[in-house]
Amino acid sequence: MKTKILPTEAIKRQFEYMNVIKAENDRFALENGFRKGAFVMTFGCQQNEADSEKIAGMAESMGYEIISSPENAYLIVVNTCAIREHAELKALSTIGQYKHIKQKNPELVIAVCGCMVTQEHRVNDIKFKYPYVDFVFSTSAIHRLPELLSTKLVRGKRLYCTDEDYSVAEGLPIRRESDYRAWVSIMYGCNNFCTYCIVPYVRGRERSRRKEDIIAEVRQLVAEGYKDITLLGQNVNSYGKDMGFDYDFADLLDELAKIEGDYVLHFMTSHPKDATKKLVDVIANNKRIAKQFHLPLQSGSNRILKAMNRHYQMDRYLDIVDYMKEKIPDIVITTDIIVGFPGETEEDFEGTLNALNRVRYDMIYSFIYSPRKGTPAAEMPDQVPQDVQSERFRRLLDLQNEIAYEINQKYLGKTIRVLCDGRSKNNPDVLCGRTEGNKIVLFDGAAENEGKYLNIKITKCETFALIGEIVQ
Ligand code: 5AD
Ligand code: SF4
């Protein structure tokens with residue numbers, strides 16, 4: 001299937017709606033001496049963060065002031081996640097809290113979008129249990145926010161936009177959260193149907209952006225001074241496959257890294273079945289590509305990998321890891337692990353522990369398996385009891401903490417370049433930043449260093465952070 005580029009006309013139409021709402025909001029600001037505020041609440045992954053930057057961009061273009069808390073908002077958009085039950089429950093409870101704000105300000109419009117409400121049963125939940133939500137729109141309808149808001153404001157009726165027209169929308173305004181770190185989506189959707197995962201059902205099939213559009217966006221970010229750019233996709237390794245020409249993710253990364261400037265490229269996520277040695281070579285040969293690889297393993301048991309429909313076995317996975325370590329000795333490798341997938345035995349779980357010992361990840365993102373309605377794994381027999389899941393989860397974390405602590409010791413006494421993120425959220429007395437490999441570094445210094453590269457001499461290495469001091 002060829003990727004459908006959304007006709008500019010469709011986006012132009014959205015700009016027309018934006019202009020109408022903006023005129024009204026400008027008039028309101030003139031009469032009242034303040035602008036209506038819009039608050040965007042985001043749950044979930046980086047893809048959602050990137051979508052929310054578009055939502056905020058559209059809201060700003062509609063004459064709203066983007067505010068950082070919901071209390072005084074005239075527009076609240078909740079961008080939801082569905083990856084695990086916990087994410088959905090958090091979103092629903094947050095939406096529940098907005099009821100009181102609406103009671104105080106009946107002019108407030110509440111919209112809910114994203115993965116959770118791209119499922120029919122959740123749309124019904126909102127319809128029947130959250131009557132103060134004004135409209136709902138699916139992941140493929142993000143760009144239609146202006147039109148939906150306008151319809152809501154004019155007609156006053158509740159709306160449910162469950163579009164499944166998975167196109168690629170170009171040219172929307174983006175209000176980036178940071179002025180030195182940026183997300184760039186290079187493709188949307190997923191074709192893999194891992195048996196536990198809801199993503200293919202809520203984000204549709206894979207579709208790539210045109211490389212010209214991606215290159216133009218990255219070029220502009222670099223020109224604006226962005227220093228850390230993360231290319232996003234559910235499986236970036238299938239970039240271009242839907243375009244039907246001979247240009248893959250490694251080619252794209254190689255071309256992007258040729259853009260002149262002082263910046264680093266990251267990417268996520270890679271599916272191990274599609275990670276190529278060519279890609280590893282491109283990373284090894286380009287100084288502007290972070291020496292970091294996030295390669296979700298999910299399980300270290302071949303039997304479970306098969307049941308997960310992952311299309312690789314441990315030998316293939318370890319082969320690519322060994323190649324990475326050979327070509328890029330200082331590479332930082334991270335992964336995702338699911339504990340307690342249906343049918344996982346103690347022996348299967350030990351396979352995962354063995355994989356951690358064999359690969360020695362710098363960091364893992366670990367999750368207890370959460371059944372997702374409509375996915376094959378939710379119907380599988382032998383669901384693992386919660387207490388067994390929790391016990392395995394604890395053992396996994398204990399082992400990983402040991403490994404991460406040991407790995408981090410190699411940084412002791414070294415001076416590394418760190419991109420400063422300003423004051424640490426956990427301890428405002430210190431600054432924090434990240435290495436090229438995304439390790440957290442804490443150090444003393446002035447807040448004005450935010451957004452700058454600093455050389456930090458590491459004086460102490462902990463499991464989750466390196467501690468150091470600024471050197472000239
Ligand atoms: N339960 C637990 N973890 C899941 N993930 C995806 N679906 C589920 C699920 N149903 C994890 C996978 C994926 C990461 C983004 O979330 O590890 O790589
Ligand atoms: Fe989900 Fe698998 Fe697609 Fe990742 S590759 S989004 S885990 S279906």
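These notebook entries record what I looked up in a predicted model of a protein with its ligands.

**Entry 1. Ligand 1**

I began with the surroundings of ligand 1. The shell consists of Ile 83, Arg 84, Tyr 196, Gln 298, Asp 336, Ile 338, Phe 367, Ile 368, Tyr 369, Ser 370 and Arg 372. Sorted by class, these residues are six nonpolar, two polar and three charged. I then asked which strands each supply at least two residues of this shell. They are β13, residues 332-339, and β14, residues 363-368.

Next I looked up polar atom pairs between ligand 1 and the protein. For Asp 336, a polar side-chain atom lies 2.6 Å from an oxygen atom of the ligand. For Arg 84, an N or O atom of the side chain is 3.0 Å from an oxygen atom of ligand 1. For Ser 370, the partner is a polar backbone atom, 2.8 Å from a nitrogen atom of ligand 1. On its own, ligand 1 has 400 Å² of accessible area, and the protein covers 86% of this.

**Entry 2. Ligand 2**

I listed the residues around ligand 2 in the same manner. They are Cys 190, Asn 192, Phe 193, Cys 194, Tyr 196, Cys 197, Val 199, Pro 200, Gln 234, His 271 and Arg 310. By class, I noted seven nonpolar residues, three polar residues and one charged residue. Tyr 196 appears in this shell and also in that of ligand 1.

**Entry 3. Backbone geometry**

I keep in mind that most residues other than glycine have a negative phi, and that most peptide bonds are trans. Against that background I recorded three places.

Phe 193, one of the residues around ligand 2, has a positive phi, near 50°. It sits in the loop between β8 (187-188) and α6 (199-203). Is Phe 193 buried, partly exposed or exposed? Its relative accessible area is 30%, so I class Phe 193 as partly exposed.

Asp 382 also has a positive phi, of about 60°, and is not a glycine. I located Asp 382 in the loop between β14 and α13. Asp 382 counts as exposed because its relative accessibility is 57%, the cut-off being over 50%.

The third place is the peptide bond between Met 268 and Thr 269, which is cis, with omega about 5°. Thr 269 belongs to the loop between β11 (264-268) and α9 (277-285).

**Entry 4. Nonpolar cores**

In soluble globular proteins, nonpolar side chains tend to be buried together. I therefore looked up the cores of this model, the largest of which has 59 residues. Within this core, Val 218, Ile 229, Leu 231, Phe 249 and Leu 253 touch the most other members. Helix α11, residues 314-327, gives the most to the core, with seven residues.

I followed Phe 249 further. Setting aside neighbours within four places in sequence, I found Phe 249 in contact with Ile 186, Leu 231, Val 236, Asn 237, Tyr 239, Phe 267 and Leu 279. Another core, of 30 residues, lies apart from the largest one; Ala 38, Val 40, Ile 66 and Tyr 74 are among its residues.

**Entry 5. Asn 408**

Last, I checked Asn 408, which is placed in helix α13, residues 386-408. Is Asn 408 buried or exposed? Asn 408 counts as buried because its relative accessibility is 3%, and the cut-off is under 20%. Which residues does Asn 408 touch, not counting those up to four places away in sequence? I noted Lys 439, Cys 461, Glu 462, Thr 463 and Leu 466.

Technical notes: Residues are numbered from 1 along each chain as its sequence is written. Chains are lettered from A and ligands numbered from 1 in the order in which they are written. This is a predicted model: local features need pLDDT of at least 70, side-chain atom pairs count only at pLDDT 80 or more; totals for chains, interfaces and linings use all residues. Side-chain values use heavy atoms; hydrogens and water are left out. A residue is near a molecule or strand if one of its heavy atoms lies within 4 Å of it. A polar contact is a pair of N or O atoms within 3.5 Å; within protein, one must be able to donate a hydrogen and the other to accept it, and residues adjacent in sequence count only if both atoms are side-chain atoms. Accessible areas come from the Shrake-Rupley method with a 1.4 Å probe; for residues, only the protein chains shown count as cover. Helices (H or I, at least four residues) and strands (E, at least two) are DSSP runs, numbered from the N terminus. Ala, Val, Leu, Ile, Met, Phe, Trp, Tyr, Cys and Pro count as nonpolar, Asp, Glu, Lys and Arg as charged, and the others, Gly among them, as polar. Buried means under 20% relative accessible area, exposed over 50%, partly exposed in between (1.4 Å probe, protein chains only). Contact means heavy atoms within 4.5 Å. A nonpolar core is a set of buried Ala, Val, Leu, Ile, Met, Phe, Trp, Tyr and Cys residues joined through side-chain atoms within 4.5 Å.
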